[in-house]
Amino acid sequence: MLAAEQEFDGCFTIVNGRRQPVDRWADLLFQSAYWQDDQRTIWHLDELDPVYCSRIYGFIVRQEDEVGTQLAWDATRGPDPSGDVAWDAATRSVDALLELVSERGWISRTELMQALSRRMRGRPAVEGECFCGYPVAEGWVHSSCYAGMEMA
Ligand SMILES: [Zn+2]
């Protein structure tokens, strides 16, 4: 039963419990938990050290214009939201996307870049969540949690 085995998890298609690589790293801009390297290996941002996260951050900053143009082109070329469109047509209108990418520095405000900047400062990638995957909130003890630990 293909339908039962194939799921979707934010940005990734999941086949038999495994996340499948996205076609382009820019497809990951609007989430805060993962990075995919140039070998198409998918990483939890919490597994990557701050120096590496900082390198990814620098790489993405330099791609801002190119990626903005690509997203705008994807968004405006036609009524086909399926496939590898990086932004989700269901959650972001074309106008909202064009407005987003028109501002200088837009890419630094994406979820992925916010997450990378948290990791560069040694904090967990996902705001409000610990390295263990559980919430940072009253009643939760995280004293033995660390970056790269096995996620819940
Ligand atoms: Zn924890």
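**Exercise 1. Describe the overall make-up of the chain.**

Residues 24 or more positions apart account for 47% of the contacts in the protein chain with a separation of 6 or more. Work out which elements the chain contains, in what order they come, and what share of the residues is buried.

*Solution.* The model is a predicted one. Begin with the elements: the protein chain holds five helices and five strands. Next, read them from the N terminus on, which gives the order α-β-β-β-β-β-α-α-α-α. Finally, turn to burial, where buried residues make up 34% of the 152 residues in the protein chain.

**Exercise 2. Identify the protein donors of the zinc ion and decide which geometry they form.**

*Solution.* First list the donor atoms, which are SG of C130, SG of C132, ND1 of H142 and SG of C145, lying 2.0 to 2.3 Å from the zinc ion. Then write down how the donor residues are spaced in sequence, namely C-x1-C-x9-H-x2-C. For the geometry, recall that four donors count as tetrahedral if all angles lie between 85 and 135 degrees. The angles subtended by the four donor atoms around the zinc ion are 94 to 120°, and the arrangement is therefore tetrahedral. For comparison, the ideal angle for four tetrahedral donors is 109.5 degrees.

As a last step, check the accessibility of two of the donor residues against the cut-off for burial, which is under 20% relative accessible area. H142 has a relative accessible area of 18% and is therefore buried, and C145, with a relative accessible area of 19%, is buried as well.

**Exercise 3. Characterise the largest cavity by its volume and its lining.**

*Solution.* Start with the count, which comes to one cavity of 30 Å³ or more. About 60 Å³ of space lies in the largest cavity. Its lining consists of S32, A33, H44, L45, D46, P124, A125, V126, E129, C130 and M151. Sorting these lining residues by type gives seven nonpolar, two polar and two charged. One of the lining residues, C130, is also a donor of the zinc ion through its SG atom.

**Exercise 4. Place I56 and I107 in the fold, and state which residues each one touches.**

*Solution.* Take I56 to begin with, which is found in helix α2 (residues 50-62). At 4% relative accessibility I56 falls under the cut-off of 20%, so that this residue counts as buried. Leaving out residues up to four places away in sequence, I56 touches W35, L48 and L116. From I56 to W35 the distance is 8.9 Å, C-alpha to C-alpha, although 21 residues separate the two in sequence.

Now take I107, which lies in the loop between α4 (94-102) and α5 (111-120). Its relative accessible area is 0%, and I107 is therefore buried. With residues up to four places away in sequence again left out, I107 touches L29, I60, V61, E64, V67 and M113. I107 and I60 are 47 residues apart along the chain, and 7.7 Å separates their C-alpha atoms.

**Exercise 5. For N16 and R40, give the phi angle, the location and the exposure.**

*Solution.* N16, a residue other than glycine, has a positive phi, near 50°. N16 belongs to the loop between β2 (12-15) and β3 (18-19), and with a relative accessible area of 56% N16 is exposed. R40, likewise a residue other than glycine, has a positive phi near 65°. The loop between β4 (34-36) and β5 (42-44) holds R40, which is partly exposed at a relative accessible area of 44%.

Conventions: Residues are numbered from 1 along each chain as its sequence is written. This is a predicted model: local features need pLDDT of at least 70, side-chain atom pairs count only at pLDDT 80 or more; totals for chains, interfaces and linings use all residues. Side-chain values use heavy atoms; hydrogens and water are left out. On a 1 Å grid over the protein atoms alone, a cavity is a set of points where a 1.4 Å probe fits but cannot get out, and a pocket is an open set with protein on both sides within 12 Å along at least five of seven lines; lining residues have an atom within 4 Å of a point. Grid points are joined across faces, edges and corners, and a volume is the space filled by probe spheres set on the points. Ala, Val, Leu, Ile, Met, Phe, Trp, Tyr, Cys and Pro count as nonpolar, Asp, Glu, Lys and Arg as charged, and the others, Gly among them, as polar. Donors are N, O and S atoms within 2.8 Å of the metal (3.2 Å for Na, K and Ca); water is not among the atoms, so sites may look incomplete. Four donors count as tetrahedral if all angles lie between 85 and 135 degrees; four count as square planar and six as octahedral if opposite donors are over 155 degrees apart and all others between 65 and 115; anything else is irregular. Buried means under 20% relative accessible area, exposed over 50%, partly exposed in between (1.4 Å probe, protein chains only). Helices (H or I, at least four residues) and strands (E, at least two) are DSSP runs, numbered from the N terminus. Contact means heavy atoms within 4.5 Å.
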